Amino acid sequence: MYIVLGILLLTSKVCNWNIMEDIFLKNLPSHLRDLAERAYIKDAEQTILTPQAHLLLKDFTEEDVHALKTAAAKLLAKPIVTASNLLHLPYSKRWSRLSFACMSLDKCTRGGILTCGITEFCGTASAGKTQLLLQLSLTVQLNDELGGLNGGVAFICTENRFPSKRLFEMSKYFIKIFPTYEINYMANVHVEHIIESDALLKCVGERLPELMSSTCIKLIIIDSVAAVFRTYTDYVDRSRDMRRLANHLLHLAYKYNCVVICVNQVATVDNEHPDVPCLGLSWSHLGRTRIRISKVPKQIKLQGRLLTVRKLEVMYSPDTPNDFAEFLITKDGVADLPSIK
């Protein structure tokens, strides 16, 4: 049986090569076809592999060699698109971006956070990282026309209690500006509190996939990864467990086309290197994009209150240029700086 299958496969391959050979030779101009036969060239692949010096010895001119190899390259490089190919688009065709619902931040990030890889938010305490996460937890529930992804949130807390009162306060503003969309913002945020790395790995590797298989989750947040991994004394074990965590998150991101955001702490190494992201190169190499959140030493008076200006800065990303934008955190959430008249 295996011998018969092998013969059939070989016969099919030979037939395909014969077809390619006929197409290549028939499409050549007559003088190039004669030169190709004189050089014993029968197909496009052989044309590409034949050295230019060999062809010049067969009375080819440089123009003939260029024309022959160009014709061969066009034939080999032209893909055959089938209906099946169109149904199974590559990952790059289906990536989306999650909007901040803040014009300056969306402009800086070229539309928001990409549903590909792991995005890291880093910054000092009270810089505004959690406020941005809550804002994204609301925008992700909107439809794609408004910059959302029509999904819920899996919010894993490893440090402080989840700020449910603050999320409720911000959700009232979303209900006000999007009255036609009947969304229960609080019900679509699934929260888990974890303080140990083993429990985090089990949650992300076992429990989270079960939730995502039955519920439309489009945003995964871990606030923060540093809290559970900074306590390690064996850095080899820490690197191994961080890779395990990243592998679980990447699998879910690609399978469900969702955004993954991990918060990282910062530490001061010396006077020349303040606010360095924790967990070293072992963690930084696992992320796709790093975004730094910080405070700017200036304040703006808005609605009778002095608000500290914050800055979002794209440190590195293969998809987004290095850029920064300033924003405010108001009672209603993240907002643009007021225009100066």
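In this predicted model, the structure holds 10 salt bridges, and three of them are set out in the table below, followed by the places that their partners occupy.

| Salt bridge | Closest N to O distance |
|---|---|
| D323 and R110 | 3.5 Å |
| E169 and R166 | 2.9 Å |
| R207 and E192 | 3.2 Å |

**Salt bridges between separate parts of the chain**

The side chains of D323 and R110 meet in a salt bridge. D323 belongs to the loop between β11 (305–316) and β12 (324–330), while R110 belongs to the loop between α8 (103–108) and β2, so this pair ties together parts that lie 213 residues apart in sequence. Both partners are partly exposed, D323 having a relative accessible area of 27% and R110 one of 40%.

R207 and E192 form another salt bridge. Here R207 sits in helix α11 (residues 197–214) and E192 in strand β5 (residues 189–193), so the pair ties together parts that are 15 residues apart in sequence. R207 is partly exposed, with a relative accessible area of 44%, and E192 also counts as partly exposed, at 24% relative accessibility. Elsewhere, salt bridges that share partners join D237, R240, D241 and R244 into one network.

**R166 and its surroundings**

The salt bridge between E169 and R166 is formed within helix α10, where the two residues are 3 apart, or about one turn of the helix. That helix covers residues 164–177. Is R166 buried or exposed? R166 counts as buried because its relative accessibility of 15% falls under the 20% cut-off, whereas its partner E169 is partly exposed, with a relative accessible area of 27%.

The side chain of R166 is also joined to that of Q131 by a polar contact of 2.8 Å. When neighbours within four places in sequence are left aside, the residues in contact with R166 are Q131, L134, I329, T330, K331 and G333.

**The cavity**

A search of the whole structure finds 1 cavity of 30 Å³ or more, and the volume of the largest cavity is about 90 Å³. Its lining is made up of 14 residues, and of these R97, G112, L114, T289 and T320 lie nearest the centre. Strands β2 (113–114) and β10 (289–302) each contribute at least two residues to the lining of this cavity. By character, the lining residues divide into 5 nonpolar, 6 polar and 3 charged.

Methods. Residues numbered from 1 in each chain as written. Predicted model: local features only at pLDDT ≥ 70, side-chain atom pairs only at ≥ 80, totals over all residues. Heavy atoms only, no water. 1 Å grid on protein atoms, 1.4 Å probe; cavity = no way out; pocket = protein on both sides within 12 Å on 5 of 7 lines; lining within 4 Å. Points joined across faces, edges and corners; volume = space filled by probe spheres on them. Helix = DSSP H or I, 4+ residues; strand = E, 2+ residues; numbered from the N terminus. Nonpolar A, V, L, I, M, F, W, Y, C, P; charged D, E, K, R; others polar. Buried < 20%, exposed > 50% of the residue type's maximum accessible area, 1.4 Å probe, protein only. Polar contact = N/O pair within 3.5 Å; in protein donor to acceptor, adjacent residues only side chain to side chain. Contact = heavy atoms within 4.5 Å. Salt bridge = Lys/Arg side-chain N within 4 Å of Asp/Glu carboxyl O.
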